[in-house]
Amino acid sequence: ESGIREVYVRPFDASSGAAAAKGKWQVSKEGMGGMVVWRGDGREMYFLETEPDLVVRVVDVSTTPGFRPGTPRVLFDVPGDVQGNPGLAKNISRDGQRFVFILPAASTPAR
C-alpha cells in the first residue's frame, strides 16, 4: 500500500484462518526487511530494518480493548557482516532477550 515493504497486522477468523473483513493496522513506519516476530506474551513485535544498515526495531503492542501498536524504536544495530538472509531468520527467544545472527569468525593473524 505504501509502495515499500511494511509490517501490517490484521485480525483473522481462528476457525477458518481467513482474514477478517475489517481491521488492519500498519506497525512499521519506514519500511522493513523481514524477521517479523511476536514476543511470546504478545506485548511486543520485532522486525528487521535493512536500509541503510541492519537494525532490529521493537514495537510495544496493546491488544485490549483493541489492537494498538506503539511507535517503532531501535532496539539495537546488528553488528558486523551478517551472513545468509537475516530477513528470513526468526532466531529470537520467546522472551525477546536473545537474538541470533550468523557472523563470520574473527580472523586472528598467525604468529
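**Entry 1: aromatic rings**

I started with the rings and found that the structure, which is a predicted model, holds 5 aromatic pairs. The pair I looked up before the others was W25 with F67, which is tilted, with 5.3 Å from centre to centre and 50 degrees between the planes. I then asked where the two partners sit: W25 belongs to strand β2, while F67 lies in the loop between β5 (55–62) and β6 (68–69), so this pair ties together parts of the chain that are 42 residues apart in sequence. For W25 I noted a relative accessibility of 30%, which counts as partly exposed because that class runs between 20% and 50%. F67, at 13% relative accessibility, counts as buried, since it falls under the 20% cut-off.

F67 turned up again in my next lookup, where it pairs with W38 in an edge-to-face arrangement, at 6.3 Å between the centres and with 70 degrees between the planes. W38 is part of strand β3, and F67 is in the loop between β5 and β6, so here the parts tied together are 29 residues apart in sequence. I recorded W38 as partly exposed, with 38% relative accessibility.

I also wrote down a cluster in which ring pairs link Y46, F76, F99 and F101. Separately, I found K24 lying over the face of Y8, with a distance of 5.5 Å from the ring centre.

**Entry 2: the chain as a whole**

I next turned to the fold, and counted 0 helices and 7 strands in the secondary structure of the protein chain, so that I could write its elements from the N terminus on as β-β-β-β-β-β-β. The radius of gyration is 17 Å, whereas a compact globule of 111 residues would have one near 13 Å. I set beside this the box filled by the C-alpha atoms, which is roughly 65 × 30 × 25 Å along the principal axes.

For burial, I noted that 32% of the 111 residues in the protein chain are buried. Of the contacts between residues at least 6 apart in sequence, 32% join residues at least 24 apart. The accessible surface comes to about 7600 Å², and carbon and sulfur atoms account for 52% of that area.

**Entry 3: S28 in its loop**

Which residues does S28 touch beyond its neighbours within four places in sequence? I found contacts with E6, V7, F47 and P72. S28 itself is found in the loop between β2 (25–26) and β3 (34–38), and I recorded it as buried, with a relative accessible area of 0%. The side chain of S28 reaches the backbone nitrogen of V7 at 2.7 Å, and I noted that V7 is also among the contacts listed above.

**Entry 4: strand β3, at M35 and V37**

I looked up M35 in strand β3 and found that it has a positive phi, about 55 degrees, although it is not a glycine. M35 is buried, with 2% relative accessible area.

V37 lies in strand β3 as well, and at 12% relative accessibility it counts as buried. Leaving aside its neighbours within four places in sequence, V37 is in contact with E44, M45, Y46, K90 and I92; among them, Y46 is also a member of the ring cluster. I also took down the separation of the C-alpha atoms of V37 and F101, which is 15 Å for residues 64 apart along the chain.

**Entry 5: E49 and its partner**

Is E49 buried or exposed? My entry reads buried, with a relative accessible area of 8%, and I placed this residue in strand β4 (residues 44–49). The side chains of E49 and R57 are joined by a polar contact of 2.7 Å. Apart from neighbours within four places in sequence, E49 is in contact with E30, G31, G33, L54, V55 and R57, so R57 enters my notes both as a contact, with heavy atoms within 4.5 Å, and as the polar partner.

**Entry 6: a cis peptide bond**

My last lookup was the peptide bond joining T64 and P65, which is cis, with omega at about 0 degrees. P65 lies in the loop between β5 and β6, and I had already placed F67 in that loop when working on the ring pairs.

Methods:
Residues are numbered from 1 along each chain as its sequence is written. This is a predicted model: local features need pLDDT of at least 70, side-chain atom pairs count only at pLDDT 80 or more; totals for chains, interfaces and linings use all residues. Side-chain values use heavy atoms; hydrogens and water are left out. Helices (H or I, at least four residues) and strands (E, at least two) are DSSP runs, numbered from the N terminus. Buried means under 20% relative accessible area, exposed over 50%, partly exposed in between (1.4 Å probe, protein chains only). A polar contact is a pair of N or O atoms within 3.5 Å; within protein, one must be able to donate a hydrogen and the other to accept it, and residues adjacent in sequence count only if both atoms are side-chain atoms. Rings of Phe, Tyr and Trp (its six-membered ring) pair if their centres lie within 6.5 Å; planes under 30 degrees apart count as stacked, over 60 as edge-to-face and the rest as tilted. A charge sits over a ring if NZ of Lys or CZ of Arg is within 6 Å of the ring centre and within 35 degrees of the ring normal. The radius of gyration is taken over C-alpha atoms; the globule rule is 2.2 Å times the number of residues to the power 0.38. Accessible areas come from the Shrake-Rupley method with a 1.4 Å probe; for residues, only the protein chains shown count as cover.
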